Amino acid sequence: MPIAPFTRRALLNSALAFGGLAAFGVRPAVGERTTSVRLVAAEIRRKLLANQPRPSLLRLYNDTVLPVLRVRRGDPVEVTLENRFKDEHTTVHWHGLRIPNAMDGVPYITQPPVEPGERFTYRFEPPDAGTFFFHPHCHTVEQLGRGLAGVLIVEGDAPRPFDADLSLAYKDWCLNDDGTLGPFLTLRGAIHAGTFGSLKTVNGKPVTDMHRPTYEVPAGADVRLRVLNLDNTRLLGVGVRGATAWMIATDGMPLAPRELKNWYLGPAMRVDLAVRTPDKEGAVVDVVNQWASTPLPLARLKVVGPSLGRGTAEPPALAGPFLPEPVLADAQVVRMVFSTAPRPSEPPPELAGLPFADSLCLAPKTLWAINGQTWPQEGHAHPPAPLAVLKRGRSYVLDLENISKQSHPIHLHGHSFKVLSSSADPDLPVHWADTTLLAPGERRRVALVADNPGDWMFHCHIIEHQETGMMGIVRVA
Ligand SMILES: [Cu+2]
């Protein structure tokens, strides 16, 4: 019975490596199947690198860098957020979850901001299984920049248990020599591809040319790798060296297994891989970022123990997807054009002096636009008119076009959409997503059924672009 110990060990590795279940104290509470979790958002001083002169000021959930929360599809989840920040409100957005609007976690738009000392309980039943994450949605550039995010794994899609299941959550940190973090938003970064961090990490562990987080996995086994790009800025091209890997899900939605060559992950995007590890003990498998001219390491899998003999056959497909198929013949086409702002501008002088221009979640400058419209500088408290109003239950094709010189990973809340085509990549497989990456000049057609009523945020997930105007509302009514 070699499988069970390995499986348990691999799961334990991933849980212990970055807090995992223990940090959350997951326990059944209200009903038998309810997962009840306390999520404390607080500042903490901690070193990201052992040789830092002084610790960095981080903002974390439950004192853990990128904690992992595991729940089951369809089972009730109750998460009580407690805001222990001194002077800043926050909320939790459940990225990619098709849950009711009131639980979506956008301050002012879907709920009042959770002020310091206050609590808010999120209640939902995850309708999809897969790999998701959670993060705040106001002053995100700094809250997320200091680490405020977590991985959400919704179980219930595997036709048979994987031999190991690991998440690899990528994030850069703007770490300075003296241990301080920042700046999180620069004019130069916001105008271009964003402000890049100096320290690359996976699961909070440093990644360099010489060093990468290493995990032991069984030989001849099916290992599920959940790769998440949780950075504010950086684009990844995920590849695997030393083993055959199949893509089995994109943004938490299953895909017929497809051999992985390269998959681009903009900020907020995820890909699930089934990696068939070599039979030979001691072999290594590298997960790499192929976006760079020389592939950069992300993580290494080290093969240990006797082969589990999974052979060479394709892994089975995951269960799902569990969402309605858009009817293309009936679909109305809605065009969305992503560009620089028609008139770059600064906030009115009476608002410019506010601390970090936050209390209204206001854009410090307006640089980016969707359909020529920028998120107003009066902030979330004064939302703009919707970019589009979709009829509940109807199918739509969103015709997305990026006419700017930067890439934009575009995210719609409350829905997943089917990516049908790309003007830049004729070989792009049809796949489901909640965030899709548009290269400069690229046009993509995506389809969805507008089945979740409410006002939903629609924005670029390069956070500096989002916070300088590339954000709007899509209403489903
Ligand atoms: Cu963008």
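**Exercise 1. Is Ser395 buried or exposed, and what surrounds this residue?**

*Solution.* Start with the number: Ser395 has a relative accessibility of 7%. The cut-off for buried is under 20%, so Ser395 counts as buried. Keep in mind that you're working with a predicted model.

Next, find Ser395 along the chain: this serine belongs to strand S25, which covers residues 395-402.

Now look at what the side chain does. It reaches the backbone nitrogen of Val327, at 2.8 Å.

Finally, list the company. If you skip the neighbours within four places in sequence, Ser395 is in contact with Pro326, Val327, Asp330, Ala331, Gln332, Leu448 and Val449. So Val327 turns up both as a polar partner and in the contact list, given that contact means heavy atoms within 4.5 Å.

**Exercise 2. Which residues coordinate the copper ion, and how are they spaced along the chain?**

*Solution.* Pick out the donor atoms first. They are ND1 of His408, SG of Cys460 and ND1 of His465, sitting at 2.0 to 2.1 Å from the copper ion.

Then read off the spacing, which is H-x51-C-x4-H. His408 is part of strand S26 (residues 408-412) and Cys460 is part of strand S31 (residues 454-460), so this pair ties together parts that are 52 residues apart in sequence.

Last, check accessibility. His408 is buried, with a relative accessible area of 0%, and Cys460 counts as buried at 0% too.

**Exercise 3. What is the strand order in the open sheet of seven strands, and which strands are at its edges?**

*Solution.* Walk across the sheet: the order is S12-S11-S10-S14-S19-S16-S17, and the pairing is mixed.

To spot the edges, look for strands that pair on one side only: these are S12 (205-206) and S17 (253-259).

Now zoom in on one pair. Strand S10 (residues 164-173) runs parallel to strand S14 (residues 222-229), and seven bridges link the two. Within this pairing, Leu166 stands opposite Leu225 in S14.

**Exercise 4. How many helices and strands does the chain have, and what percentage of its residues count as buried?**

*Solution.* Count the elements first: there are six helices and 32 strands.

Then turn to burial. The chain has 477 residues, and 60% of them count as buried.

What about the outside? The chain exposes about 18,100 Å², with carbon and sulfur atoms supplying 53% of that area.

For a final step, take the contacts between residues at least 6 apart in sequence: 75% of them join residues at least 24 apart.

Terms used: Residues are numbered from 1 along each chain as its sequence is written. This is a predicted model: local features need pLDDT of at least 70, side-chain atom pairs count only at pLDDT 80 or more; totals for chains, interfaces and linings use all residues. Side-chain values use heavy atoms; hydrogens and water are left out. Donors are N, O and S atoms within 2.8 Å of the metal (3.2 Å for Na, K and Ca); water is not among the atoms, so sites may look incomplete. Helices (H or I, at least four residues) and strands (E, at least two) are DSSP runs, numbered from the N terminus. Buried means under 20% relative accessible area, exposed over 50%, partly exposed in between (1.4 Å probe, protein chains only). Two strands pair if DSSP finds at least two bridges between them. A polar contact is a pair of N or O atoms within 3.5 Å; within protein, one must be able to donate a hydrogen and the other to accept it, and residues adjacent in sequence count only if both atoms are side-chain atoms. Accessible areas come from the Shrake-Rupley method with a 1.4 Å probe; for residues, only the protein chains shown count as cover.
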